[in-house]
Amino acid sequence: MAETLYRTSMQGVIKRSFERPSARVVSAISACYTGFVLDRLGKHGFMSPAMKPLSLGTRICGPATTVLGADLEVRRMAINLARAGDVLVIAAGGVTEFACFGDATALRMQLKGMAGCIIDGSTRDAASLRAMKFPMFVKGITARNYHYPYSGQHGAVNVPVVCDGVLVNAGDIVLGDDDGIVVIPAAEGLALAATIGKELDEEKAARADMTEFKPYDIQDELRARGYRFED
């Protein structure tokens with residue numbers, strides 16, 4: 001008796017369109033670093049330290065085009081539907097033993113003007129991708145790729161996915177730098193954009209004013225927390 005393959009309502013769905021944040025919102029968040037944004041999200045939406053940039057100094061920011069699963073044809077459909085400036089977010093299930101991305105795909109994305117790719121899995125062609133300066137965050141690198149079509153499961157495009165433990169909806173803003181990846185829900189991005197530029201300028205000004213060491217005024221607080229000072 002053949003085994004029944006159960007699928008969720010999201011599997012097998014290809015959503016052609018979704019609401020994207022405005023260029024103004026993306027630009028405001030792009031000017032920030034991940035830690036600054038993460039603090040304003042209550043520390044939520046951050047992928048694990050295992051998600052690393054393929055090249056140090058990489059920055060990435062843009063609306064998420066999401067891909068469920070590691071299948072090649074599903075990913076190609078997502079790229080066809082994506083727009084310039086989008087970040088391809090592939091929820092590959094955390095599998096690092098097999099690659100589901102390479103430089104030929106990156107070249108097509110680059111020619112389309114996409115902002116980069118994030119995979120909670122592995123890529124191949126690492127040297128070529130670095131030479132292309134293609135913005136990319138992955139959990140691993142391996143020459144061994146999948147044999148496609150990959151498994152009997154249906155993937156999906158532009159549905160909610162979980163990438164490295166973080167929920168990502170199509171249209172959420174993805175920000176990445178050397179410290180990692182933070183996902184900003186679309187609704188939160190709009191609110192952040194209204195104040196984050198001013199707050200970042202204030203932080204920069206405060207640091208510029210630090211021209212000599214001043215001791216932290218912390219002694220009384222530590223005493224109140226039960227610490228004692230001894231000579």
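**Buried cores, ring contacts and a pocket in a predicted model**

Lysine 133 is exposed, with a relative accessibility of 71%, where exposed denotes over 50% relative accessible area, buried under 20% and partly exposed the range in between (1.4 Å probe, protein chains only). This residue is placed in the loop between α5 and β6, and its C-alpha lies 20 Å from that of alanine 64, with the two positions 69 residues apart in sequence numbering. The model is predicted, so that local features need pLDDT of at least 70 and side-chain atom pairs count only at pLDDT 80 or more, whereas totals for chains, interfaces and linings use all residues. Residues are numbered from 1 along each chain as its sequence is written, and side-chain values use heavy atoms, with hydrogens and water left out.

The protein chain contains seven helices and 12 strands, these being DSSP runs numbered from the N terminus (helices, H or I, at least four residues; strands, E, at least two). Its C-alpha atoms fill a box of roughly 75 × 40 × 35 Å along the principal axes, and 42% of the 231 residues count as buried. Of the contacts (heavy atoms within 4.5 Å) between residues at least 6 apart in sequence, 74% join residues at least 24 apart.

The largest nonpolar core, a set of buried Ala, Val, Leu, Ile, Met, Phe, Trp, Tyr and Cys residues joined through side-chain atoms within 4.5 Å, has 24 residues, and Leu88, Ile90, Phe101, Cys117, Ile119 and Met136 have the most contacts inside it. Two or more residues of this core come from each of α3 (72-81), β3, α4, β4 (116-119), α5 and β6, with α3 giving the most, namely three. Beyond its neighbours within four places in sequence, isoleucine 90 is in contact with residues including Val67, Arg75, Phe101, Cys117, Ile119 and Cys163. Another core, of 19 residues, lies apart from the largest one and includes Met47, Ala115, Ile118 and Cys163.

Three aromatic pairs are counted under the rule that rings of Phe, Tyr and Trp (its six-membered ring) pair if their centres lie within 6.5 Å, with planes under 30 degrees apart taken as stacked, over 60 as edge-to-face and the rest as tilted. Phenylalanine 101 and phenylalanine 134 form a stacked pair, at 6.0 Å centre to centre and 20° between the planes. This pair links distant parts of the chain, 33 residues apart, since phenylalanine 101 is in the loop between β3 (87-91) and α4 (103-112) and phenylalanine 134 in the loop between α5 (126-132) and β6 (136-138). Phenylalanine 101 is buried at 3% relative accessibility, and phenylalanine 134 is buried at 4%.

Charges also sit over rings, a term applied if NZ of Lys or CZ of Arg is within 6 Å of the ring centre and within 35 degrees of the ring normal. The charged end of arginine 20 is positioned over the ring of phenylalanine 18, 4.1 Å from its centre, and arginine 40 lies over the face of phenylalanine 36 at 3.6 Å from the ring centre.

Threonine 58, in the loop between β1 (52-53) and β2 (60-68), is buried with a relative accessible area of 12%. Leaving aside neighbours within four places in sequence, threonine 58 is in contact with Pro53, Pro135, Met136, Phe137, Gly176, Asp177 and Asp178.
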